[in-house]
Amino acid sequence: MDEARSEYSRVNLSSDPIYRYLRITKGGPGGVAGQAAEQDLVDAAWLQRLRRIHQLQSAWWVFATAEHSRFQHALGAMHLAGELLEETMRIAGLLHDVGHGPFGHFFDENYLDTWDIDHEVIGRELITGPLADLVAELGASPTADFPRGERIDPRWIAFLISSRDMEGFQPPPWLAVLRPALVGAFSADNMDYVPRDSYICGVSAGPVDVQRIIHYSFISERGLTLHAHAAEALYMFLNSRLYLYHQVYFHRTVRRIDLQLREVFRPTLEVLLGGNPLERLDRYLGLTEWSLLSDVDRWAQGDGDAGHRELGEAWAAVVARKLKWRLIYQGHTDARDVPSAALSVTREQFARQLRERLPSELHDIEFEVDVAAQESRAFNPMTETADILFYEPLEDSYRQSRVLDLFKRLPVRMALFRIFARDETYRRELIRAANDVLGLTG
């Protein structure tokens, strides 16, 4: 009886639509005595800030129910990381997105690119800085207290949240082996957001058997390995993820909104933040989508100078979904063996090649292009399968997924090319030029 009461006082249950309940250690009387608990970290201002940043950057203007936040995803990734491995992974799952700014990856691509950094760089700074003491003081997982003297090094967490090396830090071998479970193709991050985004958006992405993938994941002498019995489950998961990219993240209206946001986003952040977040963390802490949209709304109502009002009115058009660009062309290309030349075309190259193929009298017409696989937010899920290691029990051997017939059904790479214009005046000419660029004529 005393043991049961102790369990109730040391672990909270948090309701979740995907997993039903998440377990989080709590501090205070009866909790993790004299040490920090997971709840202390969850309640930290940098984590609570994620409640005010949408998980789906601008897609919530398209999918009416997509109101979930980065905070919800962080808790889900924490839960799944703990299902895969241990407490260090749980905390890495919780903190993997802590550096995000308003509008998520769009902020990376349209503001942080100025300093050649992204949210993971900021996340590492926060984990080894303002959040370091809380991480280092953790004393328990939901299943047990840490042995005396055991602790989590904040640098371990910072290392795990990104695939890039950390300057001045040499990870222990066991830590390097764990990292694919957080940043690989079937990471806790990915396996949380696919069913979560699908469910909350109301988009049926197909079966995602996360529990089977977790059950058949293990650490072999070669690193993170998936037993062959989970191959079909992984294939279904990757297919579902690719479907979500087409239907949600690359949705035509989402990309129209992003195109319009790109025109005002950077100048807006230059006013609201005015520099590298790493050099002004106090100011960055208060910068969320809630604060940004409140500020630009005041500008639209006449607060500030003429420049502020112009930006505010441009944001008001987006919020009201008064979109000035309309889709007039969409082309899809993929490759299953060797990537085609079209797949390496950037947004700038696509626009330039289009103009070159238009009649000379149309070289100055107004249009915009979008290459969905070009942005860092829009990386192609299929390229990651090349590094998945499978164990085949019948042969007692290891094989890469790229040599398995099952995964040859998936494209190696894919890209969506779109053209947007104010009207359809030159639709035929633009379509003809686009098909020529992408090699789709004939």
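Colleague: In this predicted model, where is the place of A421?

Modeller: Let's look along the chain in this predicted model. Residues 413–421 form a strand, and A421 belongs to that run. So its place, going by the strand numbering from the N terminus, is strand 9.

Colleague: Is A421 buried or exposed?

Modeller: Check its relative accessible area, which comes to 5%. Anything under 20% counts as buried. So A421 is buried.

Colleague: Which residues does A421 touch, leaving out those up to four places away in sequence?

Modeller: Here we look for heavy atoms within 4.5 Å. Skipping residues up to four places away in sequence, the ones A421 touches are K324, W325, R326, I328 and E366.

Colleague: And what separates the C-alpha atoms of A421 and E368?

Modeller: Along the chain, these two are 53 residues apart. In space, the separation between the C-alpha atoms of A421 and E368 is 6.3 Å.

Colleague: Over to helix 7: how many of its residues are buried?

Modeller: Helix 7 spans residues 119–127 and is mostly covered. Among its buried residues are H119, I122 and L126. Out of nine residues, the buried ones number seven.

Colleague: Which helices do those buried residues pack against?

Modeller: The buried residues of helix 7 have several partners. They pack against helix 3, helix 5, helix 6, helix 8, helix 9 and helix 16.

Colleague: Is E137 buried, partly exposed or exposed?

Modeller: E137 sits in the loop between helix 8 and helix 9, and joins D40, D43 and D133 in a surface patch of negative charge. Its relative accessibility is 42%. That lies between the 20% and 50% cut-offs, so E137 is partly exposed.

Definitions and conventions: Residues are numbered from 1 along each chain as its sequence is written. This is a predicted model: local features need pLDDT of at least 70, side-chain atom pairs count only at pLDDT 80 or more; totals for chains, interfaces and linings use all residues. Side-chain values use heavy atoms; hydrogens and water are left out. Patches are made of residues with over 30% relative accessible area and no salt bridge: like charges are joined within 9 Å, nonpolar side chains (Val, Leu, Ile, Met, Phe, Trp, Tyr) within 5 Å. Accessible areas come from the Shrake-Rupley method with a 1.4 Å probe; for residues, only the protein chains shown count as cover. A salt bridge is a side-chain nitrogen of Lys or Arg within 4 Å of a carboxyl oxygen of Asp or Glu. Lys and Arg count as positive and Asp and Glu as negative; His and the chain ends are not counted. The place of a charge is taken as NZ of Lys, CZ of Arg, CG of Asp or CD of Glu. Helices (H or I, at least four residues) and strands (E, at least two) are DSSP runs, numbered from the N terminus. Buried means under 20% relative accessible area, exposed over 50%, partly exposed in between (1.4 Å probe, protein chains only).
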